[in-house]
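Reader: I should like to learn how the features of a protein model are read. Would you take me through them in order?

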Amino acid sequence: MTDTSWLGPPIDARPLLAEQLAAFTGLLRRLDGDEWDRPTVCPGWSVKDIAAHVLGDHVGRLSMHRDGFHTLQPRDGENLPAFLDRINEEWVVAARRMSPPLLIELLADISDRIVAFWQTVDLDALGASVYWAGPGPHPYWLDVAREYTEFWTHHQQVCEATGRAGLTDRHYVGPLIDTFLRGLPHTLRDVTAPEGAALQLTVTGPGGGDWTCTRGPDRWRLSRGPHPRPTALLELDTDTTWRLCTRGITPDQAAERARTDGDRHLAAAALQIVSIIWSPPGLR
């Protein structure tokens, strides 16, 4: 068995995912006609495009994971972020012929199928790599938690584009932040530090808390809770944390909102965290 304890304690995001998917369909049903065409923070994508992208993700999950149906592959020399950007754009463009009512119907149906599917999965079993957490395999509990964070983020993007409140109370945001920070050990992988060095990341606001990433003999390891004598302390608020992890803001922008103490090099390295599949604009 592969040791994945360095990722921190397992979480079961399936109940929250079910709530979020139902809330997302409800949100879409409340949109007025012109709101579907509002631009979002995703370049070139409208609210309707975001909804179509979510539908495409669900189709891909059930087709590949439930049904074992794999057809699309990267082109020669195409890395994973570029591959996903391409096929996501192709899907969204094709889906623009769908009406909003049809899109809602399809999302409502497939969301129920996604919820039912995840109930059949052994969360402790090892699956494919969660890209931003490092080379796999990783347990399925991280995979479904990653799904929750992605769809919560898209939900929030639609809310912000249409001037609505999102799922931002601690019930939803706590597990979101907890999942995003599972990328810390991979983020710090190239940081040279003596065994026992520790970064404490404190998140203030709804769903916040303390996480500690400690240098072990072979890798950095994540745990919940504060450290008695951290090598570096990094403090961020909830809003800054999730926007940084999804690259809604840059590490420099996050640094302006952060409080740090101790080893500033280690704290600055932690601000490079990315908890989505993403490549810098200059490398796309």
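Author: The dialogue below goes from the whole chain to single helices and then to single residues. This is a predicted model, in which local features need pLDDT of at least 70 and side-chain atom pairs count only at pLDDT 80 or more, while totals for chains, interfaces and linings use all residues. Residues are numbered from 1 along each chain as its sequence is written, and side-chain values use heavy atoms, with hydrogens and water left out.

Reader: How many helices and strands does the protein chain have?

Author: Helices (H or I, at least four residues) and strands (E, at least two) are DSSP runs, numbered from the N terminus. In the protein chain there are 10 helices and 5 strands. The radius of gyration, taken over C-alpha atoms, is compared with a globule rule of 2.2 Å times the number of residues to the power 0.38. For 284 residues that rule gives 19 Å, and the chain has a radius of gyration of 19 Å, so it is as compact as a globular protein of that length. The C-alpha trace spans about 55 × 40 × 35 Å along its principal axes.

Reader: What percentage of the residues count as buried?

Author: A residue is buried under 20% relative accessible area, exposed over 50%, and partly exposed in between (1.4 Å probe, protein chains only). By this reading, 50% of the 284 residues of the protein chain are buried. Accessible areas come from the Shrake-Rupley method with a 1.4 Å probe, and for residues only the protein chains shown count as cover. The accessible surface of the chain is about 13500 Å², and carbon and sulfur atoms hold 52% of that area.

Reader: What share of the contacts joins residues 24 or more positions apart?

Author: A contact means heavy atoms within 4.5 Å. Among contacts with a separation of 6 or more, 69% are between residues 24 or more positions apart.

Reader: How is the length of a helix checked, and what does helix α2 span?

Author: The expected span is 1.5 Å times one less than the number of residues. Helix α2 (residues 47-66) has 20 residues and should span 28 Å; its end C-alpha atoms are 28 Å apart, which agrees. Helix α1 (residues 14-29), with 16 residues, reaches 23 Å from its first C-alpha to its last, close to the expected 22 Å.

Reader: Are these helices mostly covered or not, and which residue of α2 may serve as an example?

Author: In α2, 14 of the 20 residues are buried, and the helix is mostly covered. His58 lies in α2 and is buried, with a relative accessible area of 0%. Not counting residues up to four places away in sequence, His58 touches Leu21, Leu107, Ile110, Ser111, Ile114 and Phe151. The buried residues of α1 include Leu21, Phe24 and Leu28, and the buried residues of α1 pack against α2, α4 (100-118), α5 (140-162) and α6 (170-180). Pro15, also placed in α1, is partly exposed at 48%.

Reader: How many residues of α6 are buried, and against what do they pack?

Author: In α6, 8 of the 11 residues are buried, so the helix is largely enclosed by the rest of the structure. Among them are Tyr172, Leu176 and Phe180. The buried residues of α6 pack against α1, α5, β1 (198-204), β2 (209-215), β3 (220-224) and α8.

Reader: How does distance in sequence relate to distance in space for Asp169 and Pro206?

Author: Asp169 is in the loop between α5 and α6. Asp169 and Pro206 are 37 residues apart in sequence and 6.1 Å apart in space, C-alpha to C-alpha. Gly196 and Ser46, by the same reading, are 150 residues apart in sequence and 47 Å apart in space.

Reader: What should I look for in the backbone angles?

Author: Most residues other than glycine have a negative phi, and most peptide bonds are trans. Arg247, in the loop between α8 (238-245) and α9 (251-257), has a positive phi near 60 degrees. The peptide bond from Gly136 to Pro137 is cis, with omega near 5 degrees, and Pro137 is in the loop between α4 and α5. Just after α2, Gly68 has a positive phi of about 65 degrees.
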